[in-house]
Amino acid sequence: MRIVQVVPWLGYGDAIGNDVLAIDRTIKSRNIDTKIYVEGIDSRIEPGLAENIKNYSPQKDDLVLLHVSASADSNELAADMDCRKVMIYHNITPPEFFDRYNKKNAEQCRKGLEQVKAMNNSFDMVLAVSEFNRQNLLEMGYTCEINVLPIVIPFEDYKKQPSAKILEKYDDDYTNILFLGRTAPNKKQEDVIAAFNFYQKNYNPKSRLFIAGNSKGCENYCEQLKEYVKQLGTKNVHFTGHTKFEEILAYYRLADLFLCMSEHEGFCVPLVESMFFNIPILAYASSAIPDTLGGSGFLLREKNPAITGSVINRILTDKNLRYDIIKNQQERLTDFEHSNIESLFWKYIDKFISKRD
């Protein structure tokens, strides 16, 4: 038996790329023949680790794990393969978030969701990275077994040295609020800005906001955000743009609070990263965010800049509340330990294989 992973793009350091590589190591640890097949690959990925999907000839006894997060030719190729097939569903952003900002992105998302819906009878099992994703698939008519398997997160990498330059630059007595994630309309950075603006003007003028993340493909949205900051008159809002890993580590080290107002997440890895760095999380309860937090953090059920700004202040000034939030996050973090996710992966895969053997 071979276990083959198929992914349209194998990126370096992104959430899905890390997940694919972690699963690859997990499979190899059992001395099972495995390979990664891709349409495209980041040049920084170790040579020979993956091959072009065109070179793959499925065998009847193969088990294909298809990672789905966007429209791709490989989605349809994998769905039609005559072998055992499992989808790993990372979710696809609803296209309406991009309609105003990037028609191409919107169309790709629309096509991707159409592909996922059309494949609802093509897989023997699905591993969804959140309960939210599982419910999405049920709504699209999936009737096969669907289990929840969170993304594997490489915590060892977060122990590396952060950027000394960033730490030195912001080594002062300011309070630092952080949101990290791609600058995109579904992330709703404007709501982060509005809440921070209220907090800064009503509670703490010695505060700054880091909006860290690449805006590629949504440059016009990013420009609108910067214009919004000017209109509000908010001070010390920093858009980092593309951020190196050591810089990301530095922003986490600097952060006093992680503020997430996103309206669509399939998992949201930065929430777990914030748990790792003992940063209290304040988040809007949308999509997969409550699933990932799992009862930890501080969830908002409505969007109101004044309320959110007041809660920011409460978390940062109430030591007991801050302690309780971080304590609950530390407990939740154990659920994402590599050994736990690895055990869950094999629980699902072994059960699936045994039913077919």
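Two strands count as paired if DSSP finds at least two bridges between them. Helices (H or I, at least four residues) and strands (E, at least two) are DSSP runs, numbered from the N terminus. This briefing concerns a predicted model, in which local features need pLDDT of at least 70 and side-chain atom pairs count only at pLDDT 80 or more, while totals for chains, interfaces and linings use all residues. Residues are numbered from 1 along each chain as its sequence is written, and side-chain values use heavy atoms, with hydrogens and water left out.

**Strands S9 and S10**
- Strand S9 (residues 207–212) and strand S10 (residues 237–241) run parallel and are joined by four bridges.
- Ala-212 has Gly-241 as its bridge partner in S10.
- Together with helix H7 (residues 219–232), S9 and S10 form a right-handed β-α-β unit; right-handed means that, with the strands pointing away from the viewer, the path from the first strand over the helix to the second runs clockwise.

**The seven-stranded sheet**
- An open sheet of seven strands follows the order S3-S2-S1-S4-S5-S6-S7, with parallel pairing.
- Strand S3 (50–52) and S7 are its edge strands, each pairing on one side only.
- From one strand to the next, the twist averages 25°; axes are lines fitted to C-alpha atoms, for helices over the stretch in contact, and angles run from 0 to 180 degrees between N-to-C directions.
- Eight bridges link strand S1 (residues 2–10) to strand S2 (residues 33–41) in the parallel sense, and Trp-9 has Gly-40 as its bridge partner in S2.
- Helix H1 (residues 15–28) packs on the sheet, touching S1, S2, strand S4 (63–68) and S5, and its direction makes about 165° with that of S1; contact means heavy atoms within 4.5 Å.

**Helix H4**
- In helix H4 (residues 131–139), the buried residues are Asn-133, Asn-136 and Leu-137, buried meaning under 20% relative accessible area with a 1.4 Å probe, protein chains only.
- These buried residues line one face of H4, because they fall within an arc of 95° seen down its axis; the arc is that of the directions from the helix axis to the C-beta atoms.
- They pack against strand S5 (84–89), helix H3 (103–118), strand S6 (125–128) and strand S7 (145–148).
- Gly-141, which follows H4, has a positive phi near 90°.

**Nonpolar cores**
- The largest nonpolar core (buried Ala, Val, Leu, Ile, Met, Phe, Trp, Tyr and Cys residues joined through side-chain atoms within 4.5 Å) has 90 residues, and Tyr-142 and Phe-258 are among those with the most contacts inside it.
- Helix H8 (residues 245–254) supplies the largest share of this core, six residues.
- Apart from it lies another core, of 20 residues, including Ile-23 and Phe-345.

Definitions and conventions. Buried < 20%, exposed > 50% of the residue type's maximum accessible area, 1.4 Å probe, protein only.
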